Amino acid sequence: MAAAGRHSLRGRSGISLGINEIPLTLQQVANYIQQGYRRIKLKVKAGHDLNLLDAVRAEFPNIHLSVDANSCYTLADLPVLRSMDDYGLDYIEQPLAWNDLHDHVRLQSMLRTPICLDESIPTLAECRKALQSGAGRLVTIKAGRLGGHTVAKQVHDLCLAYDVPVWCGGMTETGIGRAHNIHLCTLEQFSRPGDTSSSSRYFERDIVVERLETSDGLMPIPTNGAGIGVTMDWDFLDSISSSAETIRP
């Protein structure tokens, strides 16, 4: 990414927690707050939502908190979604079906809490429709979902024009994809902590030499040489590969 758009040499990181028993989730939240993560995002689903938020907010009343529904609700769940307004959430991510911008427009008009669109933004054209119609007030940008940095930056620039905050979502990338995401987060409109948590959450050992680990909720921007700033750990990759094929020009 172009250095001119960078905020600093470290980006703010949030954490995304999957669906678990509430006591375990409370332990996880406490652990990640202690590690300095700047935002806690909870996966929710019908029947595992308000009870979870009650418990988390009772223990952690002042943290930056959001929820991710992964399209599990419909407008029939409006009473539950309206109740989420009472928890001081930064946003509700993808509450309705990915291809239902119309109902997202209706829902956003009935909520104080911002809706963040994720799966509803597969292309630049869909992003334009969402922003023009008011289907949400934040956008998650995933370079992998959009097809690469060119479209990801176009979506970023469109959101910048509409003054809509964006943040970088993760797709369980190895160090290669994670480094791309970290650099993407240096663009101007990435004003919310992204899902760029430590690589060690997912892998005992990554396939790049550099350790992509947060410190006090901040992810250092890798700058080892040209490109995305990381180098392949070829010896480790060879040791875990079941087969290899060399393609020569």
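Here is a short walk through one buried valine and the aromatic pairs of this model. The model is predicted, so to speak on paper: local features need pLDDT of at least 70, side-chain atom pairs count only at pLDDT 80 or more, and totals for chains, interfaces and linings use all residues. Residues are numbered from 1 along each chain as its sequence is written, and side-chain values use heavy atoms, with hydrogens and water left out.

Let's start at Val-56, which lies in helix 2 (residues 50–59); helices are DSSP runs of H or I with at least four residues, strands are E runs of at least two, and both are numbered from the N terminus. Val-56 has 0% relative accessibility, so it counts as buried (under 20% relative accessible area, with exposed over 50% and partly exposed in between, using a 1.4 Å probe and protein chains only). Leaving aside residues up to four places away in sequence, Val-56 touches Leu-26, Leu-42, Ile-63 and Leu-65, where contact means heavy atoms within 4.5 Å.

Now for the rings. The whole structure holds 3 aromatic pairs; rings of Phe, Tyr and Trp (its six-membered ring) pair if their centres lie within 6.5 Å, and planes under 30 degrees apart count as stacked, over 60 as edge-to-face and the rest as tilted. One of them joins Tyr-32 and Tyr-37: with centres 5.6 Å apart and planes at 80 degrees, the pair is edge-to-face. Tyr-32 and Tyr-37 are both buried.

Tyr-91 and Trp-167 also pair, and they are stacked because their planes are at 20 degrees, with centres 5.7 Å apart. This pair links distant parts of the chain, 76 residues apart.
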